[in-house]
Amino acid sequence: GYKGVREQCGRFEVRHTANGRQVTLGCFDTAVEGAVAYARAGGEPPPPPPTVAAVAEGLRLHLSSSSSTGYKCVYLQDGRFIARQYKPEQMESYLGSFDTAVEAA
């Protein structure tokens, strides 16, 4: 995760400490957008948005600015993370339901 960013009701809430008090900066669609808001509030320049968030089990996990989970083809549904696969020659395929967005990615 990112400093100051936590998932709240399918979105990402950002809190920052200023003058000894916690201030809520807002809710964002992705964790990356929240991390940028946190960095701006702290006076740090925002990093360029990455296209790959991490590598897990030898696979590159791709970020998506259009998904509320922050990952391509991963969606939050009823408190679970749903993974789907898209291929041009096929319709979408359901890959499973997971506890975390990283597991689904």
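Along its sequence, the chain of this predicted model follows the pattern β-β-β-α-β-β-β-β-β-α. The exercises below start from that pattern.

**Exercise 1. The chain as a whole**

State how many helices and strands the chain has, and what percentage of its residues count as buried.

*Solution.*
Step 1. The secondary structure amounts to two helices and eight strands.
Step 2. The chain has 105 residues, and 29% of them count as buried, the cut-off being under 20% relative accessible area.
Step 3. The accessible surface is about 7,200 Å², with 51% of that area belonging to carbon and sulfur atoms.
Step 4. Among contacts with a separation of 6 or more, 25% are accounted for by residues 24 or more positions apart.

**Exercise 2. Strand 1 and strand 2**

Determine how strand 1 and strand 2 run relative to each other, parallel or antiparallel, and how many bridges join them.

*Solution.*
Step 1. Strand 1 covers residues 5-8 and strand 2 covers residues 11-18.
Step 2. The two strands run antiparallel and are joined by four bridges.
Step 3. The register can be followed through opposing residues: arginine 6 stands opposite glutamate 13 in strand 2, and glutamate 7 stands opposite phenylalanine 12 in strand 2.
Step 4. The two strands form a hairpin with two residues between them. In the turn, cysteine 9 has a positive phi of about 55°.

**Exercise 3. The open sheet**

Give the strand order of the open sheet of three strands, and explain why strand 1 and strand 3 each have one side without a neighbour.

*Solution.*
Step 1. The order is 1-2-3, and the pairing is antiparallel.
Step 2. Strand 1 and strand 3 (21-28) lie at the edges, and each has a single partner strand, so one side of each is left without a neighbour in the sheet.
Step 3. On average, neighbouring strands of this sheet are turned by 30° against each other, direction ignored.
Step 4. As general background, strands of a sheet pair through backbone hydrogen bonds, in either a parallel or an antiparallel manner.

**Exercise 4. Glutamine 22**

Classify glutamine 22 as buried or exposed, and identify which residues it contacts beyond its neighbours within four places in sequence.

*Solution.*
Step 1. Glutamine 22 is located in strand 3.
Step 2. Its relative accessibility is 56%. The cut-off for exposed is over 50%, so glutamine 22 counts as exposed.
Step 3. With neighbours within four places in sequence set aside, glutamine 22 is in contact with Arg15, His16 and Thr17.
Step 4. With arginine 15, the contact includes a polar one between the two side chains, at 3.3 Å.

Conventions. Residues numbered from 1 in each chain as written. Predicted model: local features only at pLDDT ≥ 70, side-chain atom pairs only at ≥ 80, totals over all residues. Heavy atoms only, no water. Pairing = 2+ DSSP bridges. Axes fitted to C-alpha atoms, helices over the stretch in contact; angles between N-to-C directions. Buried < 20%, exposed > 50% of the residue type's maximum accessible area, 1.4 Å probe, protein only. Contact = heavy atoms within 4.5 Å. Polar contact = N/O pair within 3.5 Å; in protein donor to acceptor, adjacent residues only side chain to side chain. Areas by Shrake-Rupley, 256 points an atom, 1.4 Å probe, with all protein chains shown as cover.
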